[in-house]
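Trainee: Could you show me how to read helix packing in a model?
Mentor: Happily, let us look together.

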Amino acid sequence: MEMDMKVIEQLVAQALKEMKAEEPAAFVKPKEETYGVFATMDEAIEASAKAQKTLLFSKIEDRQRYVDIIRATILRRENLELISRMAVEETAIGKYEHKLIKNRLAAEKTPGTEDLVTEAQTGDHGLTLVEYCPFGVIGAITPTTNPTETIICNSISMIAGGNTVVFSPHPRAKKSTIEAAKVVLEAAVKAGAPEGIIGWIDVPSLELTNEVMRDADIILATGGPGMVKAAYSSGKPALGVGAGNTPVIIDDTADIRMAVNSIIHSKTFDNGMICASEQSVTVLEPVYEAVKKEFEYRGCYFLKQGEIEKVRKTILINGALNAKIVGQSAYTIAKLAGVDVPVDTKIIIGEVESVDISEEFAHEKLSPVLAMYKAKTFDEALDKAERLVADGGYGHTSSLYINVNEKE
């Protein structure tokens with residue numbers, strides 16, 4: 001049963017409010033407009049549906065050729081550097097060198113058509129025909145945290161599966177998002193794909209976001225909890241890629257140096273904006289001080305009691321994640337909170353006790369800010385981790401550092 005559109009509009013309005021779509025002072029000038037951009041969402045959906053009918057009856061080899069050309073075009077140095085730099089300059093979050101890595105990985109590692117070949121299987125009960133089934137027109141809502149990477153990943157996987165896509169860019173990342181979409185579309189069309197295979201609206205709005213949710217065959221929402229909830233409430237099939245609250249446990253048998261080093265690499269990559277990066281670490285009591293010492297040795301800063309409260313007030317604003325800390329450096333976040341830390345600080349760590357949602361450090365922070373808990377037993381550590389996952393939403397990510405042989 002479809003939900004009342006007024007309810008959906010309220011949810012989307014709240015999500016867009018959370019976006020805090022400020023325009024940056026400067027950005028890289030994108031290429032000239034070509035095909036792909038439409039004046040209305042109806043035109044975008046109509047063109048996408050027409051292209052999908054053509055794509056549906058194309059050979060799988062043709063779709064793989066489109067994918068191969070998209071990969072090669074994104075991986076050209078000038079394109080890879082352009083969209084990576086645009087994303088950082090426009091949104092003012094993340095790190096350019098890490099955007100390069102993420103865009104390259106999206107181009108190289110997103111699956112193509114290799115798992116979509118139709119198969120006929122015989123058995124005791126007759127013949128089974130295994131065949132993929134495209135959805136049609138996919139409405140894809142993209143985030144500010146990974147704008148260009150999402151375009152690359154979504155485009156490759158959707159086109160490979162016989163689908164077309166209409167993108168709804170995040171307002172704060174619309175220029176870099178559209179530039180990435182242009183690069184992908186122009187590459188696909190040059191390889192023989194129909195022009196409407198990818199489309200977008202260049203001026204995102206609540207109304208247009210509602211329209212893409214209403215008219216597309218399936219919704220893919222990547223972003224904050226408000227937007228993901230709106231997608232799931234649209235009455236259409238939906239896939240949501242939203243918030244996580246990844247907990248990590250360091251057992252007393254773990255290789256402490258390796259565990260701490262891995263967490264720092266993860267938590268500082270693109271300034272902690274990957275939703276699978278660690279948000280808290282729970283350490284078994286026998287090794288707690290050793291783990292703390294290793295974090296300090298590697299350039300992390302443990303907040304003093306008065307400083308913890310200052311950072312608490314900076315993490316959340318009116319119950320929601322403060323957009324000003326997302327994708328910023330540890331030094332910048334500390335400065336916002338009024339805390340003095342060395343300029344090269346890797347991660348700000350708050351030693352806290354509560355895993356309740358009322359504890360600001362227990363939330364997803366999308367930045368190099370980490371909560372640290374102490375557990376007397378492994379079961380206590382599991383309980384804390386389970387509660388933290390529940391706070392962020394089941395079905396996401398957790399991790400464990402342990403030496404199983406020693407534990408046995």
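Mentor: We will go through two pairs of packed helices.

Mentor: This is a predicted model, where local features need pLDDT of at least 70, side-chain atom pairs count only at pLDDT 80 or more, and totals for chains, interfaces and linings use all residues. Residues are numbered from 1 along each chain as its sequence is written, and side-chain values use heavy atoms, with hydrogens and water left out.

Trainee: How do H3 and H6 cross?
Mentor: Two packed helices are described by the angle between their axes and the distance between the axes. Here the axes of H3 (residues 60-74) and H6 (residues 147-160) come within 9 Å and cross at roughly 165°. Therefore H3 is roughly antiparallel to H6 (angles over 145 degrees count as such). Helices are DSSP runs of H or I, at least four residues, numbered from the N terminus; axes are lines fitted to C-alpha atoms over the stretch in contact, with angles from 0 to 180 degrees between N-to-C directions.

Trainee: Which residues of H3 and H6 make the contact?
Mentor: Contact means heavy atoms within 4.5 Å. Among them are Tyr66 and Ile70 of H3, and Ile152 and Ile156 of H6.

Trainee: What about H4 and H7?
Mentor: The axes of H4 (residues 77-91) and H7 (residues 174-190) come within 8 Å, crossing at roughly 165°. So H4 is roughly antiparallel to H7.

Trainee: Which residues meet there, in H4 and H7?
Mentor: Leu82, Met86 and Glu90 are among those in H4, while H7 brings residues including Lys175, Glu179 and Val183.

Notes:
Helix = DSSP H or I, 4+ residues; strand = E, 2+ residues; numbered from the N terminus. Parallel < 35°, antiparallel > 145°, perpendicular 65-115°, else oblique.
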